Amino acid sequence: MDGILNIRKEKGFTSHDVVAVVRRILHTKKVGHTGTLDPDAEGVLPVCVGKATKLADIIMDGKKRYRAMVRLGITTTTEDAAGEVLEEKPVDFDEEKIRQAVAGFVGEQKQIPPMYSAIKVNGKKLYELAREGKEIERKARTITIFAIDIVRFLPPDRFEIDVDCSKGTYIRTLCSDIGKALGCGAHMAELTRTRTGSFALEDAITLGELQTMADEGRQEEAFLSMEAALSDFPKIIVSPKSTKMLYNGGRVYAKFYEAEKELTAGDIAAVFDSEHHLVGLYEVRDEEGFYIKPFKMLI
């Protein structure tokens, strides 16, 4: 079994819990997830199985979309509803001010990761330090918020947003920062990841549904192929004459392959042999002529 499962993570599960359950259902050890979701969060969690585990970081790099509930007036230790209340302030629920504050967070920016996160510092996860009552300085990371749409206002103290963002964005921190901008504080009350790259919530299945399919011998119906997962990458077909070179990871020059569109140096393409078997992701280079070189082999 080599492919990707589009799992709908339910509340109460960690991402590692999901991996453990998938291993048990499919009776295989080679399983990995593509980006942590907090236990109280739900939504899209692509899970890679077999050779597809090599694609985990590629899928993780994709754009994300979330739906979050922002609750104004209350700040917490974890920036979400699971934490202890730090401060409560009165809320002036002015829809226009909320719109202006939210709009100010669109674009590239620096974000300081929360203490309650899985980022490691000197070999120890931040949330482990936070549980010990320690707080350390964190480096701000560059993220991009491509769009924030306010879905609905829920006075007296809540509103719901859809966020399109880059990898590494903490929606909890975004909600907290919006509260700071409004002067009353805030935390993230609910979170659902609705998309990761090409994986959408409407196509996801629960662990219970995967179990039912496995019980009926239909588990392979749940898999998305590696080829489908790489559909956003341009496609290259290599001629039979260069098949050996291709599988050995050597250079394959442009005269020995056919690209579906014009490519330039630095582009990454999904490369197939002459019989249309996926071999891997290759980088296009131009050094005295165009050629492709392995970026990530998938064989």
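Which residues of helix 6 are buried? Let me start there. This is a predicted model, by the way, so keep that in mind as I go through it.

Okay, helix 6. It runs over residues 207–215, and the buried ones are Leu207, Leu210, Met213 and Ala214. Look down the axis of helix 6 and those buried residues fall within an arc of 120°, so they line one face of the helix. And what do they pack against? The answer is strand 1, residues 3–9, and helix 1, residues 15–26. Just past the end of helix 6 you hit Gly217, which has a positive phi of about 75°.

Now go to helix 3, residues 95–103. Here Ile98, Ala101 and Val102 are buried. They cover an arc of only 95° around the axis, which puts them on the same side of helix 3. The cover over those buried residues includes strand 4 at 64–72, strand 10 at 141–154, strand 11 at 158–165, and helix 5 at 171–182. There's also a cap at the N-terminal end of helix 3: Asp94 has a side-chain oxygen 3.0 Å from the backbone nitrogen of Glu96. And while we're around here, Asp92 and Lys97 meet through their side chains in a salt bridge, 3.6 Å from N to O. Asp92 is exposed, with a relative accessible area of 52%, and Lys97 counts as partly exposed at 47%.

That brings me to the cores. The largest nonpolar core has 26 residues, and the ones with the most contacts inside it are Leu72, Ile148, Phe159, Ile161, Val163 and Ile171. Which elements give two or more residues to this core? Strand 4, helix 3, strand 10, strand 11, helix 5 and strand 12, the last of these being residues 186–196. If you want one residue to click on, take Leu72: leaving out residues up to four places away in sequence, Leu72 touches Val91, Phe93, Ile98, Asp157, Phe159, Leu182, Cys184, Gly185 and Ala186. There's a second, separate core too, with 19 residues, including Val21, Val22, Leu26 and Ile205.

Next, charges. Is Glu160 buried or exposed? Glu160 sits in strand 11, and at 9% relative accessibility it counts as buried. The side chain of Glu160 makes a polar contact of 2.7 Å with the side chain of Arg152. Again leaving out residues up to four places away in sequence, Glu160 touches Arg67, Ala68, Met69, Asp149, Ile150, Val151 and Arg152. For a sense of scale, Glu160 and Asp286 are 48 Å apart, C-alpha to C-alpha, and 126 residues apart in sequence.

How many salt bridges does a search of the whole structure find? The count is 18. Let me pick a couple. Lys167 and Asp61 meet through their side chains at 2.7 Å, N to O. Lys167 is in the loop between strand 11 and helix 5, while Asp61 is in the loop between helix 2 (56–60) and strand 4, so this pair ties together parts that are 106 residues apart in sequence. Lys167 is partly exposed at 44% relative accessibility, and Asp61 is partly exposed with 44% as well.

Then there's Arg65 with Asp164, where the closest N and O atoms are 2.4 Å apart. That pair links distant parts of the chain, with Arg65 in strand 4 and Asp164 in strand 11, 99 residues apart. Arg65 counts as partly exposed at 22% relative accessibility, whereas Asp164 counts as buried at 17%. If you're wondering where the line falls, buried means under 20%. Arg65 and Asp164 also belong to a network of salt bridges together with Arg67 and Asp162.

Last stop, strand 18, residues 268–272. Of its 5 residues, 4 are buried, so strand 18 is largely enclosed by the rest of the structure. It pairs with strand 15, residues 235–238, in the parallel sense over 3 bridges, and Ile236 has Val271 as its bridge partner. Strand 18 also runs antiparallel to strand 19, residues 278–286, with 5 bridges joining them. There, Ile268 is bridged to Glu283. Strands 18 and 19 form a hairpin with 5 residues between them, and His276 in the turn has a positive phi of about 65°.

That's my tour. Questions welcome.

Note on methods:
Residues are numbered from 1 along each chain as its sequence is written. This is a predicted model: local features need pLDDT of at least 70, side-chain atom pairs count only at pLDDT 80 or more; totals for chains, interfaces and linings use all residues. Side-chain values use heavy atoms; hydrogens and water are left out. Buried means under 20% relative accessible area, exposed over 50%, partly exposed in between (1.4 Å probe, protein chains only). The arc is that of the directions from the helix axis to the C-beta atoms. Contact means heavy atoms within 4.5 Å. A polar contact is a pair of N or O atoms within 3.5 Å; within protein, one must be able to donate a hydrogen and the other to accept it, and residues adjacent in sequence count only if both atoms are side-chain atoms. Two strands pair if DSSP finds at least two bridges between them. A nonpolar core is a set of buried Ala, Val, Leu, Ile, Met, Phe, Trp, Tyr and Cys residues joined through side-chain atoms within 4.5 Å. A salt bridge is a side-chain nitrogen of Lys or Arg within 4 Å of a carboxyl oxygen of Asp or Glu.
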